[in-house]
Structures are given as structure tokens and as C-alpha cells.
Amino acid sequence: GGRGGAAPGLLGLFRAVSASDEMFFPTCLALLGEHGGPGVAPRRLTYADWTDENDPRARRERSPRTFEALGPELWRRAADEGCLFLRKVAPGGVDVRLWRELVLGPRTAGAGGSADEAGDLGGR
């Protein structure tokens, strides 16, 4: 990998850029000389459902479906595909306490945190 001097200036390259994670992370890895390297798995990071609600065998063309809420089954599907993020969750669809329990396990679900972490993300 080429971790030369690219890292310190990397954040500056993205200050005025609005990019989805599926574009942002691979671009960062490429700029660091790590894209396609031995430590980088060739898979997506974001789970999205592109199936058409009217025909589950068909794919949507423009935009993935919106998940109404994060729950154990949705998290399991995403995790089974190795994804770290969900794409298009409805505003208010992620309760941080549930997310913490699903992602970090039940031991941390009752752990303290900031007021912002106490409940619903409210579409942020």
C-alpha cells in the first residue's frame, strides 16, 4: 500500500464535496494507494434494497427502496453481506439504543452516552 504523504491532505480534498459513501470510501482508498490492495475486500459497504416492490424479481432503476426502520432482520441481512451501513432509512427510523444493541451487542445497550445518543436519530 502507498500510505505516503497523501493522508494529511485527504480530508481537505473533500471539504466542499458531497459524496455518498459508496463513492467516498473507494475514492479515499484509491488516493491512499490502497484500493484493490491485499487488505481491502472487494465488496460494498452499504446495504441497499434495489428490488421493485411490485415485482421482487425486478430491480429498481433510479433509487433503492427506503427502509422504514432498522430492526434485527434488516440488520442481519446487511451484516450477512458484510455491509457496515444502510442506505435510505426513513427519518426517525433508527433508534440509537437498538442500533447499539444490534451492532455492539446487548452488553453495551445499557451503557451511558451523550443525550444525542439516548434515542431516535430523528432523520439526521
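## Capping helix 4

A polar contact is a pair of N or O atoms within 3.5 Å; within protein, one must be able to donate a hydrogen and the other to accept it. D95 makes such a contact at the N-terminal end of helix 4, with a side-chain oxygen 2.8 Å from the backbone nitrogen of R97. D95 thus caps the helix. The model is a predicted one.

The D95 side chain also forms a salt bridge with R97, where the closest N and O atoms are 3.4 Å apart. D95 is partly exposed because its relative accessibility, 26%, falls between the cut-offs of 20% and 50%. R97 is partly exposed too, at 44%. After helix 4 comes G105, with a positive phi near 100 degrees.

## Overall layout

The chain has five helices and four strands. Read from the N terminus, the order is α-α-β-β-β-α-β-α-α. The chain holds 124 residues, and 21% of them count as buried.

Long-range contacts make up a good part of the picture. Among contacts with a separation of 6 or more, 50% join residues 24 or more positions apart. The chain exposes about 8,700 Å², with 54% supplied by carbon and sulfur atoms.

## The nonpolar core

The largest nonpolar core has eight residues. They are Y47, F67, L70, L74, W75, A78, C83 and V94. Helix 3, residues 72-80, gives the largest share of this core, with three residues.

L70 is one of the core residues. Beyond its neighbours within four places in sequence, L70 is in contact with W75 and V94, both of which are also in the core. The other contacts of L70 on this count are L86, G93, L98, W99 and L102.

## Salt bridges

Side chains of opposite charge can pair when their charged atoms come close. The count here comes to three salt bridges. D95 with R97 is one of them.

R65 and D49 form another, at 3.7 Å from N to O. R65 lies in the loop between strand 3 (55-59) and helix 3, while D49 lies in the loop between strand 1 (46-47) and strand 2 (51-52), so the pair ties together parts that are 16 residues apart in sequence. The partners differ in burial: D49 is buried at 15% relative accessibility, whereas R65 is partly exposed at 29%.

R76 pairs with E73, and their closest N and O atoms are 2.9 Å apart. Both residues sit in helix 3, three residues apart, which is about one turn of the helix. R76 is partly exposed, with a relative accessible area of 43%. E73 is partly exposed as well, at 44%.

## E81 and its contacts

E81 lies in the loop between helix 3 and strand 4. Its relative accessible area is 40%, so E81 counts as partly exposed. Leaving out residues up to four places away in sequence, E81 touches R43, R44 and Y47. Of these, Y47 belongs to the largest nonpolar core.

E81 and R44 are 37 residues apart in sequence. In space, their C-alpha atoms are 8.5 Å apart.

## A nonpolar surface patch

F25, L84 and F85 make a nonpolar surface patch of about 260 Å². F25 comes from helix 2, residues 21-31. F25 is partly exposed, with a relative accessible area of 30%.

## K88 in its loop

K88 is found in the loop between strand 4 (85-86) and helix 4 (96-104). Phi of K88 is near 70 degrees. That is a positive value in a residue other than glycine. K88 is partly exposed, with a relative accessible area of 32%.

Note on methods:
Residues numbered from 1 in each chain as written. Predicted model: local features only at pLDDT ≥ 70, side-chain atom pairs only at ≥ 80, totals over all residues. Heavy atoms only, no water. Core = buried A, V, L, I, M, F, W, Y, C linked by side-chain atoms within 4.5 Å. Buried < 20%, exposed > 50% of the residue type's maximum accessible area, 1.4 Å probe, protein only. Helix = DSSP H or I, 4+ residues; strand = E, 2+ residues; numbered from the N terminus. Contact = heavy atoms within 4.5 Å. Areas by Shrake-Rupley, 256 points an atom, 1.4 Å probe, with all protein chains shown as cover. Patch = residues over 30% accessible without salt bridge, like charges linked within 9 Å, V, L, I, M, F, W, Y side chains within 5 Å. Salt bridge = Lys/Arg side-chain N within 4 Å of Asp/Glu carboxyl O.
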